[in-house]
Structures are given as structure tokens and as C-alpha cells.
Amino acid sequence: MSVRVRRIYDPPEPEDGLRVLVDRLWPRGVSKEAAHLDEWPKALTPSTELRHWYHDGCSFEEFRQRYERELTAPEAAAALDGLRKAVREGPVTLLTATKHTKSSQAEVLLRLLRQ
């Protein structure tokens, strides 16, 4: 099982496997062609409300807990199950525009996928 997090601004690599954008908004300055995306499952992304709440300076731990609760909604849970299946089938790279990937939704998803 191979899953990792990378910034969407980094050039694609052969070992990326399935490239999945996990941001709700399209990243600035990246064309869809340059992104080389395979999937953009918006059901897996944090809600707009949660994103705004987190960007207002709240703790990552509280964000993680709230985001994991959001991922139990039927559509999000189905998308997460699909991503788990993809990880079992080959390498998956979670892409985000976030500068601090260790405190982002991509990190939360990475932890869940490695469980």
C-alpha cells in the first residue's frame, strides 16, 4: 500500500500513481492540464464552513476531529471507501495547494488511509 501527500505545485512524478486533488477549491496558478489529475472527489474535501473555521486560527486537532465527522456523511464515506480501494490497487498521491501539508486535510486523509 502506497499513499503519500504532495503539493499540487510540484511536478508530477512516475511514482505518483493515481493523483487525487483533496482541496475544495481549484489551486491558483495551476492549469488543469499541468495538474495531471486523475480525480477530484469534492465529497472528500472539508466543507466551506469547516475551512473558514479552521483558517480563522483554530487548532489542527479540533479541525481533524470535525473533518473526520464530516467524512462519516454518506457521500463522503463512499468517496473515502473508493479511495481506500484505489490505495489497495496501487500508489495514490493526495494533492493539495496547502503550504503546510502536515496540518491539512491531506494529512487527515493520509492517516485514515494508512489505518
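Helices here are DSSP runs of H or I, at least four residues long, numbered from the N terminus. That convention is enough to place α3 and its neighbours in this predicted model. Being four residues apart in helix α3, glutamate 62 and arginine 66 are separated by about one helical turn, and their side chains meet in a salt bridge at 2.9 Å, N to O. An α-helix has 3.6 residues a turn, so residues three or four places apart point the same way. Both partners sit in the middle band of accessibility: glutamate 62 is partly exposed at 27%, and arginine 66 is partly exposed too, at 31%.

Helix α3 (residues 60-70) holds another pair of this sort, with glutamate 61 and arginine 64 three residues apart, again about one turn. Their closest N and O atoms are 2.3 Å apart in the salt bridge. The burial of this pair is split: glutamate 61 is partly exposed with a relative accessible area of 38%, whereas arginine 64, at 16%, counts as buried.

Elsewhere, glutamate 107 bridges to lysine 102 with an N to O distance of 4.0 Å, right at the 4 Å cut-off for a salt bridge. Here a buried glutamate 107, at 10% relative accessible area, pairs with an exposed lysine 102, at 61%. Shared partners also link Arg4, Arg6, Glu13, Asp16 and Arg19 into one salt-bridge network. The full count of salt bridges comes to twelve.

Now for the overall fold. The protein has five helices and three strands, and along the sequence they run β-β-α-α-α-α-β-α. For 115 residues, a compact globule would have a radius of gyration near 13 Å, and the protein's 13 Å agrees with that. Its C-alpha atoms fill a box of roughly 35 × 30 × 20 Å along the principal axes. As for burial, 41% of the 115 residues fall in the buried class. Of the contacts between residues at least 6 apart in sequence, 60% join residues at least 24 apart.

Helix α4 (residues 74-89) makes a handy case for a geometry check. Its 16 residues should span 22 Å at 1.5 Å a residue, and the end C-alpha atoms are 23 Å apart, which agrees. The buried residues of α4 are Ala76, Ala79, Leu80, Leu83, Ala86 and Val87. Viewed down the helix axis, these buried residues fall within an arc of 115°, so they line one face of α4. Pro74, Arg88 and Glu89 are exposed and sit on the face turned away from that buried side. As for what the buried residues of α4 pack against, the partners are β1 (3-7), β2 (18-21), α3, β3 (92-96) and α5 (105-114).

Helix α5 is another story. Eight of its ten residues are buried, so α5 is largely enclosed by the rest of the structure. The buried set consists of Gln105, Ala106, Glu107, Val108, Leu109, Leu110, Leu112 and Leu113. Glu107 in this set is the salt-bridge partner of lysine 102. Among the elements covering the buried residues of α5 are β1, α3, α4 and β3.

The nonpolar interior comes next. In soluble globular proteins, nonpolar side chains tend to be buried together. The largest nonpolar core here has 24 residues, and Val92, Leu94 and Leu109 have the most contacts inside it. Two or more residues each come from α2 (48-55), α3, α4, β3 and α5. Another core, of six residues, lies apart from the largest one and includes Ile8, Val30, Leu95 and Ala97. Leaving out residues up to four places away in sequence, valine 92 touches Ser2, Val3, Arg4, Asp16, Leu18, Val20, Leu83, Ala86 and Val87. Of these, Leu83, Ala86 and Val87 are among the buried residues of α4, while Arg4 and Asp16 belong to the salt-bridge network.

One backbone oddity rounds things off. Histidine 36 has a phi near 50°, a positive value in a residue other than glycine. Histidine 36 lies in the loop between α1 (32-35) and α2, and with a relative accessible area of 46% it is partly exposed.

Note on methods. Residues are numbered from 1 along each chain as its sequence is written. This is a predicted model: local features need pLDDT of at least 70, side-chain atom pairs count only at pLDDT 80 or more; totals for chains, interfaces and linings use all residues. Side-chain values use heavy atoms; hydrogens and water are left out. Buried means under 20% relative accessible area, exposed over 50%, partly exposed in between (1.4 Å probe, protein chains only). The expected span of a helix is 1.5 Å times one less than its number of residues. The arc is that of the directions from the helix axis to the C-beta atoms. Contact means heavy atoms within 4.5 Å. A nonpolar core is a set of buried Ala, Val, Leu, Ile, Met, Phe, Trp, Tyr and Cys residues joined through side-chain atoms within 4.5 Å. The radius of gyration is taken over C-alpha atoms; the globule rule is 2.2 Å times the number of residues to the power 0.38.
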